[in-house]
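Biologist: I'd like to learn how to read a structure like this. Could you walk me through it?

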Amino acid sequence: MTNDNEPEAAARSGLRVGLIGAGAWGTALANAIAGAGHEVVLWGRDPDAVAAIETSRENARHLPGVALHAAIHATSDLRALSDVAFALLVTPAQTARDVAAAAALTLPAGAPLILCAKGIERETGYFLSDVVAEARPGAPIGVLSGPSFAADVARGLPTAVTLAFREPGLAAKLAELISGPALRIYHGTDLRGVEIGGATKNVLAIACGAAIGRGLGESARAALIARGFAEILRFAQAYGGQPETLMGLSGLGDLVLTCGGPQSRNFAFGQRLGEGASPEEASGGKLAEGAHTAAVLVSLARARGIEMPIAEAVAALTDGRLTVEAAMDALMNRPLRAES
Ligand SMILES: NC(=O)C1=CN([C@@H]2O[C@H](COP(=O)(O)OP(=O)(O)OC[C@H]3O[C@@H](n4cnc5c(N)ncnc54)[C@H](O)[C@@H]3O)[C@@H](O)[C@H]2O)C=CC1
Ligand SMILES: O=C(CO)COP(=O)(O)O
């Protein structure tokens with residue numbers, strides 16, 4: 001196992017920070033934040049899995065081979081969050097409502113909560129920050145997003161992401177507290193732009209994966225990234241995100257990362273679809289958030305008259321309504337138009 005964190009950091013007097021969700025990303029962030037000098041409470045829902053993490057000091061299921069920092073305490077008891085200074089919510093997007101509601105019962109009133117999941121709620125079409133706001137009205141909500149594979153962050157490889165809060169100054173303050181030598185956190189106030197970037201890029205990564213899996217080549221991948229980004233920009237502008245935000249880490253940056261290859265679970269899901277697997281086979285039990293977001297993204301786009309043909313194709317693919325060939329034919333046979 002590797003652990004590049006300085007043991008002394010555990011003894012440094014930092015804040016007590018809650019990490020809600022003990023999957024790959026939650027565990028990687030817990031290590032990074034503990035490495036920045038804080039005491040971390042890592043909450044997971046499964047008592048047996050949490051006990052194994054706490055005793056073995058490794059999350060063998062989701063982040064194997066990475067030693068847990070000494071300043072992390074893993075627990076399945078939400079009451080351990082009752083005295084944290086702030087918390088991060090890192091469970092899958094479609095669980096955000098239930099998990100936020102449960103955490104709201106114990107989190108200190110007014111403690112900032114940072115959303116790290118990437119998606120849109122399927123049943124309501126709500127952005128995740130709005131979902132969480134219903135659980136904790138009035139408490140500050142932030143979004144952390146950007147190009148960052150959990151395995152890279154866990155190995156201490158250089159990573160840069162964006163943290164946004166609407167409250168002026170809060171993102172800068174928290175970014176300062178949790179950034180470290182390898183995790184560089186930029187800050188901003190365009191919460192909506194940051195969360196749209198993270199939710200939409202997963203859908204486009206499935207399209208890239210499908211094209212590569214089908215053997216359509218690198219030119220097709222580049223076209224999908226560029227035209228996919230145009231779709232993201234149109235969507236974000238219609239829903240209140242700033243174009244500058246989308247051109248940064250949480251939009252273009254994360255789109256490029258996840259469209260780059262099968263280290264992305266969304267890309268890998270698309271790749272298997274392209275190779276002929278059914279949507280059920282393609283998931284292989286791994287979380288591909290884009291598969292859960294594609295249909296609701298398309299509904300939101302249609303509701304505002306925004307054209308998102310690539311996202312439409314992904315929604316049809318993931319629902320099993322279209323083959324990769326038919327999806328590509330549909331995209332290639334759209335009327336020629338000015339590039340915008
Ligand atoms: N893995 C990565 O590199 C990154 C992931 N993310 C995002 O973070 C979110 C979580 O992803 P991962 O940690 O990678 O997933 P994961 O599959 O590694 O872990 C998910 C965790 O959530 C827990 N969980 C599932 N349903 C739950 C529920 N109803 N209540 C409580 N806990 C539940 C699981 O037990 C598991 O511990 C996703 O939205 C993903 O897009 C964001 C950036 C990087
Ligand atoms: O969001 C991520 C990287 O920024 C992780 O991507 P995947 O969920 O596709 O693995």
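Modeller: Sure, we'll take the domains and then the two ligands. Keep in mind that this is a predicted model.

Biologist: Which domains does the chain have?

Modeller: The assignment gives domain 1 (16-189) and domain 2 (193-333). Taken over C-alpha atoms, their centres are 25 Å apart.

Biologist: And how many residues of each domain are in contact with the other?

Modeller: People often describe an interface by the accessible area lost when the parts come together. Here we can count residues: 22 of domain 1 are in contact with 22 of domain 2. On the domain 1 side, helix H5 (128-135) and strands E8 (141-145), E9 (159-165) and E10 (183-188) each give two or more residues. E9 gives the most, with 4. By class, that side has 12 nonpolar, 8 polar and 2 charged residues.

Biologist: Now ligand 2. Which domains does its shell draw on?

Modeller: Both domain 1 and domain 2 supply at least three residues each. The shell has 13 residues, and Ser148, Thr258, Ser264, Arg265 and Asn266 are the closest. Helices H8 (191-213), H11 (249-258) and H12 (265-274) each give two or more, with H11 giving the most, 3 residues. The classes are 4 nonpolar, 5 polar and 4 charged.

Biologist: Which residues come nearest to ligand 1?

Modeller: Gly23, Ala24, Trp25, Ala117 and Ala150, out of 26 around ligand 1. Helices H2 (24-35) and H4 (96-104) each supply at least two, and H2 has the largest share, 3 residues. Sorted by class, the ligand 1 shell holds 12 nonpolar, 9 polar and 5 charged residues.

How values were computed: Residues numbered from 1 in each chain as written. Chains lettered and ligands numbered in written order. Predicted model: local features only at pLDDT ≥ 70, side-chain atom pairs only at ≥ 80, totals over all residues. Near = placed C-beta within 6 Å. Nonpolar A, V, L, I, M, F, W, Y, C, P; charged D, E, K, R; others polar. Domains from an automatic or database assignment. Contact = placed C-beta atoms within 7 Å.
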